[in-house]
Amino acid sequence: MGDSWVIFLSLTLISAWFVECYTANGQDYRGHQDRTSLDGGRPCLFWNETFEHPYNTLRYPNGEGGLGNHSYCRNPDGDVRPWCYVSDHEDGNNWKFCDIPTCQMPGNLGCFKDSGNPPTLTGNSETSKQLTIQKCISFCRKQRYTLAGMESGYACFCGNDLDYRDHGEAPSTECNHVCFGDQTQPCGGDGRVIIFDTRVGACGGNYTSPASVIYSPDFPDKYGAGRVCYWTIQVPGASSILFNFTFFNIEDQTDMVEMLDGYTNQVVARFDGPNPPREPVNVTGDFVILYFYSDRTNEAQGFAVLYEGKDGGAENEIGDMERSNTSTVDPHLGGITDKSRGKGSGILYVITSSPKKSKQYLPGQWLGPSWTVGHNTWTIYALAALLTLTVIAMVAKLLLHITVKSPTIPSLSSSDSCSQSTVSEPWIIFYRPLQHITLQEEAKNHPRRPQTPWWGN
């Protein structure tokens, strides 16, 4: 491979920020295309008006599969790509696949023509009645090829060259033959080959490009049991790395995804089935390790995470909305250890609401042993009150102890000292007040830590 391949792949992955699908069959598409094709396609029917068909809002009233009071292309039944109902029944079909340019998962390089002479991909090949996208990718990856292509649902081709584009690109709807091993996946067509980057679904890898997409092992197939995978993401010159999980389907709490600081190996964020990522995560630093673990029983669809290195002085290209909904993780902040979360160190660090906002604590938020924000405030008030009462008591004592001077002081040794004194001679009165000051601080029943998905139970 030459530098041209690296540049091309980097541009392809950077453009992944603008795609609308991260699954092979577009089941996650939630875009707004309402025609079967942008170039002369048929208009789609509204899902709330297709009651004579199996998929409609009456049968799926809660937005299942993305259905609603609209006519946008969707894939509610897990077909090979998004589709919609149409009014005219051509060839007896009341539905059509949608050709959506933005609904192409990163790593899917597209659908291309294959005349067979020469073949689009010139490396090794095989055929299988159990072919899936990942089985073809794994076959080519093991032989150190960078490209894997599927054709007619059962044929797999490998290659490294970029000249597959010389054969001509075909519409995505011409690569809709289902894979013989998985009828929810597209595996090319007759004389049409769908090509993937072989890094899709790899268990581990090293990433240094400014932006890329990382998939769970075996993606788009379900990840296998007993998988332990590490990916290193090191972007030279980046002040932080932004992670956006565009797809996340983990079986339960025992299977997990963790982010570790690349220099200290400390866990800075952890996600599992009950605790999925709900917003993009911005990790401070230029080196992050992504860790995935699955136990020996569970299998699920996995995840797709998009990362982008951020320069401290550069503007965020994702937009104001995404900036305001991004969590920032600083690996150098102090954290707590959660021993109840199973595997991993469980060190969860403070996550602020935005990378540009200072850290603000909520009342009752855990700040350390026997301290919360509420406790700290009431302690200051109590100390101030105690100090005020002490000053008042000392001033009162001094006022009561003032001695009025007199020219004659009676002698205690004289037996007639009392008879010799006159009315005009003042007496000296010594008075010691009895002081009892009791301060009792009302106990506060603050919660010890907030219940948010970033903190352990």
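Let's begin at Arg-199, whose side chain forms a salt bridge with that of Asp-197, with 3.5 Å from N to O. Keep in mind as you look around that this is a predicted model. The two partners sit in unlike surroundings: Asp-197 is buried, at 4% relative accessibility, whereas Arg-199 is partly exposed, with a relative accessible area of 32%. The contact qualifies as a salt bridge because the cut-off is 4 Å between the side-chain nitrogen and the carboxyl oxygen. As a general matter, side chains of opposite charge can pair when their charged atoms come close.

From here, move along to Asp-218. Its side chain meets the side chain of Arg-227 in another salt bridge, where the N to O distance is 3.0 Å. Asp-218 has 17% relative accessibility, and it counts as buried because the limit for that class is under 20%. Arg-227, on the other side of the contact, has a relative accessible area of 25%, so it falls in the partly exposed class, between 20% and 50%.

The next stop is the pair formed by Glu-308 and Lys-310. What joins the side chains of these two residues? They meet in a salt bridge, with 3.0 Å from N to O. Here the acidic partner, Glu-308, is buried at a relative accessible area of 10%. Its basic partner, Lys-310, is buried too, with a value of 11%.

Stepping back to the whole structure, a search finds 5 salt bridges. Among them are the contacts Arg-199 with Asp-197, Asp-218 with Arg-227, and Glu-308 with Lys-310.

Key:
Residues are numbered from 1 along each chain as its sequence is written. This is a predicted model: local features need pLDDT of at least 70, side-chain atom pairs count only at pLDDT 80 or more; totals for chains, interfaces and linings use all residues. Side-chain values use heavy atoms; hydrogens and water are left out. Buried means under 20% relative accessible area, exposed over 50%, partly exposed in between (1.4 Å probe, protein chains only).
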